[in-house]
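Open your viewer, and let us take a walk through this model together. At each stop you will find something to select and a short note on what is there.

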Amino acid sequence: MSVTLALVVGGLTSVGVYLITSRSLTRMLLGFALLGHAAVVALLAAGGEAGERPISGDAPVDELSDPLPQAFALTAIVISFGLTLFLLALARRQAQLTGDDLVEDDLEDRRIALETEAEGDDA
Amino acid sequence: MTSLIGLLVVVPMLAAAIGFVAGERQWVRDILTVGSLAGATAIAGILLAHVESEGTVVLRVGDWDPELGIVLVVDLMAALVLLVAMATILVVQLFAIGQRRTAWGADPQLSGPLLLVLTSGVVLAFLTGDLFTLFVAFELILVSSYVLLTHQGRRGQIRSGMTYVAMNLFASTLFLVGLAVVYASTGTVNLALLAQRIPELDDPLRWGIGLWFLVVFGTKAAIFPLFSWLPDSYPTAPTTITAVFAGLLTKIGVYVLIRFHVLTGMDDLGPLILTLSGLTMVIGVAGALAQDDVKRILSFHIISQIGYMLMGLGLFTLAGIAGAIVFLVHHIPVKTVLFLVGGLIEEREGTSALDKIGGLAQRQPLLAVLFALPALSLAGIPPFSGFVAKLALVDAGIEKVVVPIVVIALANSVLTLVSMVKIWTGVFWGSGDDESATPIRILRPGHRLMVGATAVALVASLAIAASFGPLWDLGERAAADLLDPSAYIEAVVS
């Protein structure tokens, strides 16, 4: 695994994690896209050194790239594409309902926490 | 026999595709969903009988070498859990058909086919013999669950859906990176080959892989401290969907956790897993005690029960893992019944908040029975299945002399009972005069089907208690196959 690939994975991951800690769903979406890229690059790096394109007959077998991680990466890309669309739809629905795309607090949870605090004060 | 395995994955998927385009023709969808789920249950039964007598069955998709291609493996553990899971989804679908004309029902045009996609993913997750197909199976399950959870587009659903999607997406990404690490260090993602190669890795790498996948599968299983998405999102979905999620989704996380960590010999992680299991039990039940809504209490119980299964895994002994498997089998129907009863309560009273309901035992004695039996089972009162499953785990804990976890497990049973009593007094006792004048509804035609489906699931869970002897034998054999994976490796590789 080359140092460049490792650095790219690290960079993408750190920016991605920073973005998904945001409350805005659109930012989270970008964060997940970057994290997905990081995972794909990691998968490619897992395939070892790059060689010729893995089509049988093009080159001797031991000079080909490992095709398996590439197949993994391709599947992962398709899945993350679908999920990105779903997140966009979710953000759109949230914008329709509340006017923005921010993740809200769990009201039921807040209510119970407040009640407990109030009981604590009484005692 | 191997072609049956393929059918299990393909048939629900095809039926789902037809169901999506069936448009207004609801009867087509009903026949497809019930038919394919009943078929899947039957196939699972046949497979269990076959595996029990003949040993592990392996399907190599496309006849590829297992190092490269996809393999589906039906061993005893997979067949056992698969049968319970398929039967549970079938019952829930019958409930859904009874419920769909009510305001609480899910949109039948979407939920039926999506449930089938989910089923297909569940089958794949139980049977897959390699980590990457497991990733795909998780995505199938999660994508359909995202849509099932949010498809009504209500505010609470969208809000909790965001947390749910974000947590699970993050775990999926971690899964992918973990796959890269596993592939780079062993050159395969096939579980049978990993069972050979991971124990040979250097300690730091082996530990790293074990911990990494503990986080990935732990998020799906909702173990402490990765459970925050669960109690928030489950109560907002329609009953039938919550019932399937509660019964199955987290259990798939536990299932793969058991499979991966036992097959690859991660015994060193035992103490850590035991600690996490104790915390999961305590935090889950504490959360349940604080809540005052039926569905939310039940959601927190899922978490505390996950702790028990984790305890069996953490012991890494034959009795412990057999206990975890048996607990899994007991838990799926019981939890589903409880959520279905929660749905019936909501259906009748218009709410599931404890302080707005009361006196249901007088007006609906049948509902009270349907709730009381699985609730006692969940708390671990003899002679129900929960008692024997917990007894098995506690016994395994005593055998390995891990006193703290045994004490926590027993104390936790009492607390579970206390929170069940809370639901009981809130919902079923009292005169019902103090409620905010909810009109008593007239039973709808579908009501009988809903109650019937719930009753069937309850009878099934009672049958588990009655046939515990043979079940325990199966669990022990399944655990032995996991602890000594040579038979599994033999079946897959040669």
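**Stop 1: a glutamate on a helix**

Start by selecting B:Glu399, which sits in helix α16 of chain B. Helices here are DSSP runs (H or I, at least four residues; strands are E, at least two), numbered from the N terminus. Before you go on, two notes on reading the model: residues are numbered from 1 along each chain as its sequence is written, and chains are lettered from A and ligands numbered from 1 in the order in which they are written. This is a predicted model, where local features need pLDDT of at least 70 and side-chain atom pairs count only at pLDDT 80 or more, while totals for chains, interfaces and linings use all residues.

Is B:Glu399 buried, partly exposed or exposed? It counts as partly exposed, because it has 13 C-beta neighbours inside 10 Å. The rule is this: a residue is buried if 20 or more other C-beta atoms lie within 10 Å of its own, exposed if 12 or fewer, and partly exposed in between, with C-beta atoms placed from the backbone.

Leaving aside neighbours within four places in sequence, B:Glu399 is in contact with B:Thr317 and B:Ala319. Contact means that the C-beta atoms of two residues, placed from the backbone, lie within 7 Å. Now add B:Val215: its C-alpha atom is 28 Å from that of B:Glu399, and the two are 184 residues apart along the chain.

**Stop 2: two loops with positive phi**

Select B:Val401, in the loop between α16 (385-399) and α17 (403-428) of chain B. Its phi is near 50°, a positive value in a residue other than glycine. B:Val401 counts as exposed, because it has 7 C-beta neighbours inside 10 Å.

Go next to B:Ala222, in the loop between α8 and α9 of chain B. Phi is positive here too, near 60°, and again the residue is not glycine. With 24 C-beta neighbours inside 10 Å, however, B:Ala222 counts as buried.

Stay in that loop, between α8 (203-221) and α9 (229-233) of chain B, and pick B:Pro225. What kind of peptide bond joins B:Phe224 and B:Pro225? It is a cis peptide bond, with omega about -5°.

**Stop 3: far in sequence, close by in space**

Select B:Ala379 in helix α15 (residues 365-379) of chain B. This residue counts as buried, because 22 C-beta neighbours lie inside 10 Å. Add B:Ser413: the two are 34 residues apart in sequence, and their C-alpha atoms are 5.4 Å apart. Beyond neighbours within four places in sequence, the contacts of B:Ala379 are B:Gly386, B:Ser413, B:Thr416, B:Leu417 and B:Met420.

**Stop 4: a helix pair in chain A**

Two packed helices are described by the angle between their axes and the distance between the axes. Show α1 (residues 3-20) and α2 (residues 25-46) of chain A: they pack at about 160°, with axes 7 Å apart. Axes are lines fitted to C-alpha atoms, for helices over the stretch in contact, and angles run from 0 to 180 degrees between N-to-C directions. The pair is therefore roughly antiparallel, the word used for angles over 145 degrees.

Residues that meet here include A:Leu5 and A:Val8 in α1(A), and A:Arg27 and A:Met28 in α2(A). By class, this contact has 16 nonpolar, 4 polar and 1 charged residues. Ala, Val, Leu, Ile, Met, Phe, Trp, Tyr, Cys and Pro count as nonpolar, Asp, Glu, Lys and Arg as charged, and the others, Gly among them, as polar.

**Stop 5: where the chains meet**

Colour by chain. In all, 29 residues of chain B are in contact with 32 residues of chain A. On the side of chain B that touches chain A, the largest share, 17 residues, comes from α6(B). That side divides into 18 nonpolar, 6 polar and 5 charged residues.

End on A:Leu43, whose contacts, beyond neighbours within four places in sequence, include A:Phe72, B:Leu176 and B:Leu179.

How values were computed
Angles under 35 degrees count as roughly parallel, over 145 as roughly antiparallel, 65 to 115 as roughly perpendicular and the rest as oblique.
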